[in-house]
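Reader: I should like to discuss the structure shown below, beginning with its surface and ending with its aromatic contacts. Please give the reasoning with each answer.

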Amino acid sequence: MTGQSPAVDNDPQTTPPWSVDAKQRVAPMSGLETAPVERTELRTAQSLSTWFRLRLFRTLLVLPNFILLAVLLLAWQFASKVWIPSIDPHMAVLMPAPSTIAVTAAGMIVSGELFYHLMASLKREAVAFLLATSAIPLGIAMGWWRLVYNQVNPIMEILRPIPPLAWIPLSILWFGIGDEQNEFIILLGIFFPILVNTVVAVKNIDPILIRAARSLGASERKLLIRIVFIGALPQIITGVRIGLGVGWMALVAAELVGANSGLGFIINDARSMLRTDTIIVGMLAIGVVGLLIDSTILALSRRLLPWSLAMRK
């Protein structure tokens, strides 16, 4: 008996369950478990592949919408390179081909000329828009208080039908040729669409909401901010979209005659040098930037006003 170690009973029936658990907990790991990492990488690769296929499928679905545009570009290219030169070679310069326009646009982008004039136009648009936002509190006051509406509306209705371009001669005399003159013309184009839409939006607020807020003890200030302003926001944003579009058109027209920089300036400058390709590049830049401005406002309004049915359409 002495000097002999006691026999170890490995019978699972006689081994207590807590002893087995302890052995499993203290048993050394044979190696790093790489299976979960590999599964994660596989899922990531599969998700990226699925996303890429989905984007490709959506792109292919959109491509048929550009068939007419492609046909028009091909017809334009043929007319500019073959048909018009065969009739009158001197007229070909007045109708540059899309390929020529693309080369000119690339050169203006690389040189920084297009970016410089684009930033000048956007700066004037932004300054004028900040000034034109004063139409929002004025429109709320006109839509909420009858006395304000009766006093201000006749003045606004006299000034509103006057086109912004009609103010160009007088604005040049007032401000000279420069940013202030251009910003004044843009301000006139943005201000009135925002004002009219704000007035209409306030007048169309549901009276039941107003009575309910008053019955709950809402003050006049809280009523205007939480009920009237919030309820009128969708149509106010519609006025902003319209106003920015009108202001962008008015800006280019003002730059044609009263600026030394901007997209309108390069169009007018290219006209004097018979550079029709540069003229069309400037026109396309105006259209693309106008589309981006409107799309950005619409996307922000959908994000900020998810409850509005008008913004989701």
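Reader: About how much area does the chain expose, and what share of it do carbon and sulfur atoms supply?

Author: The model is a predicted one. In this model the chain exposes about 20,500 Å². Of that area, the share supplied by carbon and sulfur atoms is 69%.

Reader: How many helices and how many strands does the chain have?

Author: From the N terminus on, the elements run α-α-α-α-α-α-α-α-α-α-α-α-α-α. The count is therefore 14 helices and zero strands.

Reader: What percentage of the contacts in the chain with a separation of 6 or more is due to residues 24 or more positions apart?

Author: The chain has 313 residues, of which buried residues make up 33%. Among contacts with a separation of 6 or more, residues 24 or more positions apart account for 70%.

Reader: Which residues form a nonpolar patch on the surface together with Val-82?

Author: Val-82 belongs to helix 3, residues 67-87. Its relative accessible area is 42%, so Val-82 is partly exposed. The patch has about 440 Å² of accessible area together, and Val-82 shares it with Phe-78, Trp-83 and Ile-87.

Reader: Is Trp-167 buried or exposed?

Author: The relative accessible area of Trp-167 is 18%. Buried means under 20%. Trp-167 is therefore buried.

Reader: How is the pair of Trp-167 and Trp-174 classed?

Author: The count of aromatic pairs comes to six. For Trp-167 and Trp-174, the ring centres are 6.4 Å apart and the planes stand at 50°. Planes under 30 degrees apart count as stacked and those over 60 as edge-to-face, so the rest are tilted. The pair of Trp-167 and Trp-174 is accordingly classed as tilted.

Reader: How many residues apart in sequence are the parts that the pair of Trp-167 and Phe-184 ties together?

Author: Trp-167 and Phe-184 form an edge-to-face pair, at 5.9 Å centre to centre and with 75° between the planes. Trp-167 lies in the loop between helix 7 (146-159) and helix 8 (168-175), whereas Phe-184 lies in helix 9 (residues 179-203), so the pair ties together parts whose separation in sequence is 17 residues.

Reader: Which residues form one aromatic cluster with Phe-184?

Author: Phe-184 has a relative accessible area of 16%, so Phe-184 is buried. The residues that form one aromatic cluster with Phe-184 are Trp-167, Trp-174 and Phe-175.

Reader: Over the ring of which residue does the charged end of Lys-203 sit?

Author: The charged end of Lys-203 is 4.5 Å from the centre of the ring in question. That ring belongs to Tyr-149.

Conventions:
Residues numbered from 1 in each chain as written. Predicted model: local features only at pLDDT ≥ 70, side-chain atom pairs only at ≥ 80, totals over all residues. Heavy atoms only, no water. Phe/Tyr/Trp six-rings, centres within 6.5 Å; stacked < 30°, edge-to-face > 60°. Buried < 20%, exposed > 50% of the residue type's maximum accessible area, 1.4 Å probe, protein only. Helix = DSSP H or I, 4+ residues; strand = E, 2+ residues; numbered from the N terminus. Lys NZ or Arg CZ within 6 Å of the ring centre and 35° of its normal. Patch = residues over 30% accessible without salt bridge, like charges linked within 9 Å, V, L, I, M, F, W, Y side chains within 5 Å. Areas by Shrake-Rupley, 256 points an atom, 1.4 Å probe, with all protein chains shown as cover. Salt bridge = Lys/Arg side-chain N within 4 Å of Asp/Glu carboxyl O. Contact = heavy atoms within 4.5 Å.
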